[in-house]
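The following exercises are to be worked through with the sequence and the model in view. Each task is followed by a solution in steps.

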Amino acid sequence: MLAHSRPLSCRVTGLVDATPDIRIIRLAIVSGGAFRFAAGQYARVSFPGHRPRDYSLANRPGAAELEFHVRHRADGGAGAYAARILRIGDGVRVEGPFGDAWLRTEHDGPILCLAGGSGLAPMKSIVETALASDPQRRIDLYFGGRDEADVYLEGHFRQLETRCCNFRFHVLLSAARGQAAQRRGTVVEGVAADGAGDAGRFAGAKAYAAGPPAMVSAARALFLSLGLPAVDIHTDPFYTEAEAEAEAAVAGGA
Ligand SMILES: Cc1cc2nc3c(=O)[nH]c(=O)nc-3n(C[C@H](O)[C@H](O)[C@H](O)COP(=O)(O)OP(=O)(O)OC[C@H]3O[C@@H](n4cnc5c(N)ncnc54)[C@H](O)[C@@H]3O)c2cc1C
């Protein structure tokens, strides 16, 4: 059963700049916990002096600390605050969990995960949770970035590949700068090419996707074209507040 939403007071215990625009933030729960959620869900996070923003949980349920991957942009907002001003020991309010794109634990078939940028956060939670209960599980995690600098946690997922023989981490770069070994193209193109090369490859899979809304919508269309039923597709478009308001206005006017 999914947990009800509740507020937590947390304290920053870890700050790591994973890429030029993604910071990994770890929080210890000070009060309000323990925090129950399903892998793939998100929380509403309030940094000091900022309105709440939605961020997906990257850790496994039950872990001692909460982990978030926060993308930031030069022109302000909560992400920029988290990247430049937030310090170890600062207080952060977290409310949740929310979201429907959680790991369906009753399904024991293959799993296909697509992540763009910080969309890796909920996919990390899903992959780690599924492999913890079945290290033999067939899981393909496709991660897409623009160039080499956008790739993060690669060592972590390569280690997981060595421990879990049916887990694969695929990296795709849409605008690679160097001659790196990573595959070229968008993450959606990567899955499409692999699906076209092997018709049965994703049969019986449940598919999960998170990241920029355009990528997530292209991923959903691709999953359907690969023959996955809509009930086996679970997605989390990372709308900004402005995009969410625009969507709501369109829906309201429809
Ligand atoms: C369910 C859900 C889960 C999410 N999980 C995550 C997560 O795990 N990690 C994560 O990093 N984000 C996640 N997001 C997105 C995050 O909540 C938004 O990006 C957030 O609103 C950005 O907040 P901000 O305060 O940093 O920027 P805002 O104050 O919203 O924007 C600051 C400036 O940056 C611009 N900007 C913001 N986002 C974008 C963008 N995507 N593209 C172009 N310009 C942009 C704005 O136009 C504005 O000028 C999630 C969103 C949803 C709906």
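**Exercise 1. Backbone atoms at the ligand**

Determine how far a backbone N or O atom of Arg71 lies from an oxygen atom of the ligand.

Solution. Step 1: A backbone N or O atom of Arg71 is 2.7 Å from a ligand oxygen. This is a predicted model, in which local features need pLDDT of at least 70, side-chain atom pairs count only at pLDDT 80 or more, and totals for chains, interfaces and linings use all residues. Residues are numbered from 1 along each chain as its sequence is written, and side-chain values use heavy atoms, with hydrogens and water left out.

Step 2: For Ala78, a polar backbone atom is 2.6 Å from an oxygen atom of the ligand. For Ser56, the corresponding distance to a ligand oxygen is 3.0 Å.

Step 3: The ligand is surrounded by 21 residues (a heavy atom within 4 Å). Arg53, Asp54, Arg71, Ala78 and Thr240 are the closest.

**Exercise 2. The pair H4 and H5**

Establish at what angle helix H4 and helix H5 cross, and which residues make the contact.

Solution. Step 1: Helices are DSSP runs (H or I, at least four residues), and strands are too (E, at least two), numbered from the N terminus. Helix H4 covers residues 187-197 and helix H5 residues 213-225. Their axes, lines fitted to C-alpha atoms over the stretch in contact, come within 9 Å and cross at roughly 15°, on a scale from 0 to 180 degrees between N-to-C directions.

Step 2: H4 is therefore roughly parallel to H5, the term for angles under 35 degrees.

Step 3: In contact (heavy atoms within 4.5 Å) are Val187, Val188, Val191 and Ala192 of H4 with Met215, Ala218, Ala219 and Leu222 of H5. By class, these are eight nonpolar, no polar and no charged residues; Ala, Val, Leu, Ile, Met, Phe, Trp, Tyr, Cys and Pro count as nonpolar, Asp, Glu, Lys and Arg as charged, and the others, Gly among them, as polar.

**Exercise 3. Two backbone features**

Locate Pro97 and Leu153, and state whether the peptide bond from Gly96 to Pro97 is cis or trans.

Solution. Step 1: Most residues other than glycine have a negative phi, and most peptide bonds are trans.

Step 2: The bond from Gly96 to Pro97 is cis, with omega near 10°. Pro97 is in strand E6, residues 91-98.

Step 3: Leu153 is not a glycine, yet has a positive phi of about 60°. Leu153 is in the loop between strand E8 (139-145) and H3.

Methods. Polar contact = N/O pair within 3.5 Å; in protein donor to acceptor, adjacent residues only side chain to side chain. Parallel < 35°, antiparallel > 145°, perpendicular 65-115°, else oblique.
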